[in-house]
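Dear colleague,

I am handing over the structure below, together with its sequence, and would be glad if you could look through it alongside my notes. The notes begin with the strands and then turn to the helices, the core and a few single residues.

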Amino acid sequence: MNLNRILTYIAAALALIIITVSAIALCKKNIRPGEGLRKIDPLPTSQKNDSKTSFDLIGQLRIGTKPDSQDKKSVLILHPWLEFDSSDTELYEELDRKLPAIKSVFLRYFQSRTKQELTQKEESSIKDELKNQINELLVLGKITQIYFNDYIYLN
């Protein structure tokens, strides 16, 4: 056999393997493209509405999730910031004073759930639950939204 014919057979075999593996992967019923992706929240400095401002002193949090059924924990890296009415300077001061309590809301929430429980929930429902818990702490006003700059799981 000559070298060109051997290389042609090898290329055809590789193409057949690639097509077969791709077809099998596409035929799987539990495949969900983009499952681990999330929409990016706006940065605290990019304000769409001048009547809103951000509280971003919380910083980056590293939170260990609850162990799952195989006793496996995940670490979540989270960088939250809060949005509220810009005319409410008293609320900003209250948020600053209650910063440790606000951080503990995030810690308690994520430490009490497994990675699987968190990934099955919609991000908007997680944000709503956290917003409600933080608003329960506040006396002088309420936050309107929570955003995440980082929301990454480490294994």
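Two strands are taken as paired here if DSSP finds at least two bridges between them. Please keep in mind throughout that this is a predicted model. With that understanding of pairing, strand β1, which covers residues 52–55, pairs with β3 in the antiparallel sense over four bridges, and within this pair Ser 54 stands opposite Glu 83 of β3.

As to how far the prediction can be trusted, the mean pLDDT of the chain is 87, and 86% of its residues reach 70 or more. Among the elements, helix α1 (residues 3–27) has the lowest mean pLDDT, at 88, whereas α3 has the highest, at 96. Where pLDDT is low, the predicted coordinates should not be read in detail.

The chain contains five helices and four strands, and read from the N terminus these elements follow the order α-β-β-β-α-α-α-α-β. Of its 155 residues, 29% count as buried. Among the contacts with a separation of 6 or more, 71% are accounted for by residues 24 or more positions apart.

Strand β3 (residues 75–85) recurs in the pairings that follow. Besides its pairing with β1, β3 is joined by four bridges to strand β2 (residues 61–64), the two running antiparallel, and it also pairs in the antiparallel sense with strand β4 (residues 145–154), this time over nine bridges. Individual partners help to fix the register: Leu 61 stands opposite Leu 78 of β3, the bridge partner of Arg 62 in β3 is Ile 77, and Glu 83, which stands opposite Ser 54, also stands opposite Gln 145 of β4. Strand β3 is mostly covered, with eight of its eleven residues buried. Strand β2, for its part, has a covered face made of Leu 61 and Ile 63 and an uncovered one made of Arg 62 and Gly 64.

Turning to the interior, the largest nonpolar core has 26 residues, and those with the most contacts inside it are Leu 82, Leu 95, Phe 106, Phe 110, Leu 130, Ile 134 and Tyr 151. At least two residues of this core are supplied by each of β2, β3, α2 (89–97), α3 (99–111), α5 (123–137) and β4, and the largest share, six residues, comes from α3. One of the well-connected residues, Leu 130, can be followed in detail: leaving aside neighbours within four places in sequence, Leu 130 is in contact with Val 105, Phe 106, Tyr 109, Phe 110, Ile 146 and Phe 148.

The arrangement of two of the helices may also interest you. Helices α2 and α3 pack at an angle of about 70 degrees, with their axes 4 Å apart. Since angles of 65 to 115 degrees count as roughly perpendicular, α2 is therefore roughly perpendicular to α3. The contact between them is made by Leu 95, Asp 96 and Arg 97 on the α2 side and by Leu 99, Pro 100 and Ile 102 on the α3 side.

Three single residues seemed worth pointing out. Leu 57 lies in the loop between β1 and β2 and, at 40% relative accessibility, counts as partly exposed. Not counting its neighbours within four places in sequence, Leu 57 is in contact with Tyr 92, Asp 96 and Leu 99. Its C-alpha atom is separated by 9.2 Å from that of Leu 82, 25 residues apart along the chain.

Asp 71 is found in the loop between β2 and β3. Although Asp 71 is not a glycine, it has a positive phi of about 60 degrees, and with a relative accessible area of 63% it is exposed.

Asn 135, by contrast, has its place in helix α5. This residue counts as buried because its relative accessibility is 11%, which falls under the 20% limit used for that term. Leaving out residues up to four places away in sequence, Asn 135 touches Lys 142 and Ile 143.

With best regards

Note on methods: Residues are numbered from 1 along each chain as its sequence is written. This is a predicted model: local features need pLDDT of at least 70, side-chain atom pairs count only at pLDDT 80 or more; totals for chains, interfaces and linings use all residues. Side-chain values use heavy atoms; hydrogens and water are left out. Buried means under 20% relative accessible area, exposed over 50%, partly exposed in between (1.4 Å probe, protein chains only). Contact means heavy atoms within 4.5 Å. A nonpolar core is a set of buried Ala, Val, Leu, Ile, Met, Phe, Trp, Tyr and Cys residues joined through side-chain atoms within 4.5 Å. pLDDT is the predictor's confidence in each residue, from 0 to 100. Axes are lines fitted to C-alpha atoms, for helices over the stretch in contact, and angles run from 0 to 180 degrees between N-to-C directions. Angles under 35 degrees count as roughly parallel, over 145 as roughly antiparallel, 65 to 115 as roughly perpendicular and the rest as oblique.
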